[in-house]
Amino acid sequence: MILPRYSLGLGDRFGRQGRAQLAAVVAARDLGVDLVPVWNKSHREHVITRTQPAAVRAEADAAVAELGWTGSYFVDADHVTMETVDPFIAVCDYFTLDVADFVGRPASAAQVEAFVARYGSFATEGKIPGMDRKLGGADIAAIAGRYLLAARQAAAIYRHIASVKGAGNFITEVSMDEADSPQTPVELFFILAALAEERVPLQAIAPRFVGRFNKGIDYRGDLTRFEEHFRACLAVLAFAVRELELPPNLKLSVHSGSDKFSLYAPMARILREHRAGVHLKTAGTTWLEEVRGLALAGGEALRLVQEIYARAYQRIEELRAPYAAVLDVDRSRLPHPDAVKRWSGEEYAAALHHDEGAAAYNPHFRQLLHVAFKVAAELGPVYLQALDTHADLIGPLVTENLLERHIKPLFLQA
Ligand SMILES: [Zn+2]
């Protein structure tokens, strides 16, 4: 199985918007961009929404059948570990192996020494793109010591999946975006070397980039530094494909945390320069369009999303705990739930809608709602029924959001 040049990771927490999401990919195709849809849902999201991996497969297959999509598509076991991968194996054909927990666990001195003997010359001779200085053996040993076990763990998960599905029958991505710190280009090269050595046929890798990728809001950080980092990562991937035995279509996967609008133009330009592909992973943005649609529907639906906000406001610590590293919610900037209960649907939607130029937009409100899908999940059939009742209003919002705000600025410009 081959992951084509451009692919879009679609998250759909409640499994109702697959068709609306695919409609955006169909529209992109009509505009001349071949984009492969990949439906992703992590173990963490399945736990929170109390769903099983088979539900995502069913949703993807149904959307594809309904719209007559004849292109390829995948179902991604997102951020799986050895402990969580098993229920995904039968129904997924794309696996994002998360080894962030193994980054920094020290490898043995003998393992490090052997690795440095095999690959160290790439750094001591200054051959790796993006190096600002030549590195010595001790620097390389430190990098190997930090990442070697993570790469070997990824290989162990890969082999476990391959033993069931057969090699070549699934796409492999390795993610390190939830590690504590960004990887330098040299670190990325050595991670790739360790994966190549273990014969992991990875087609996408998700580094942690510089800057903050908070949930549901735009990038926070120095754009120039991001551009440098992104460019260097692309150069390292191309170099690693030439020098190591890795699949020629290996590409970067950007775990966006939704809505990194200010990165799309520079990413598109750099991808064009490097003739490189990319996988853009989104997850929460569709759920937030559901909330916006329910607000705009008014009446009961508006009361429902006002209630979701009120409960989220009471449980802010609990909701943000799993996402602490990627949320900046300032309590003092959140509207009080009593005020929100007096809002019209338009006011609610305007506070939520990600438009940095709009006075009504409140990124704290948006980030809290981004992680409040747990509250909606607890409402169970009440929430799902509201989605079904207002499907005709919500679907076009989901499609338009993906097409106009994500696909066009990134893939149409790349
Ligand atoms: Zn991620």
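These legends go with close-up views of a predicted model.

**View A. The two domains of the protein chain.** The domain assignment splits the chain into domain 1 (6-285 + 403-410) and domain 2 (286-395). Taken over C-alpha atoms, the centres of domain 1 and domain 2 are 29 Å apart. Where they meet, domain 1 brings 22 residues to the contact and domain 2 brings 22 residues.

**View B. The side of domain 1 that touches domain 2.** Here it helps to look for two helices: α1 (18-30) and α2 (43-49) each give at least two residues to this side of domain 1. The largest share comes from α2, with three residues. Sorted by class, the side of domain 1 that touches domain 2 holds five nonpolar, nine polar and eight charged residues.

**View C. Strand β8 and its side chains.** Strand β8 covers residues 278-281. Val278 and Leu280 point one way from this strand, while His279 and Lys281 point the other way. Lysine and histidine included, all four are buried.

**View D. Strand β1 beside β8.** Strand β1 (residues 6-11) runs parallel to β8, and four bridges join them. To find your place in this pair, start at tyrosine 6, which stands opposite valine 278 in β8.

**View E. Strand β7 beside β8, with the helix that links them.** Strand β7 (residues 251-255) also pairs with β8 in the parallel sense, over four bridges. In this pair, valine 254 stands opposite leucine 280 in β8. Add helix α10 (residues 261-274) to the view, and β7, α10 and β8 together make a right-handed β-α-β unit.

Note on methods: Residues numbered from 1 in each chain as written. Predicted model: local features only at pLDDT ≥ 70, side-chain atom pairs only at ≥ 80, totals over all residues. Domains from an automatic or database assignment. Contact = placed C-beta atoms within 7 Å. Nonpolar A, V, L, I, M, F, W, Y, C, P; charged D, E, K, R; others polar. Buried ≥ 20, exposed ≤ 12 C-beta atoms within 10 Å, placed from the backbone. Pairing = 2+ DSSP bridges. Right-handed = clockwise from strand over helix to strand, strands pointing away.
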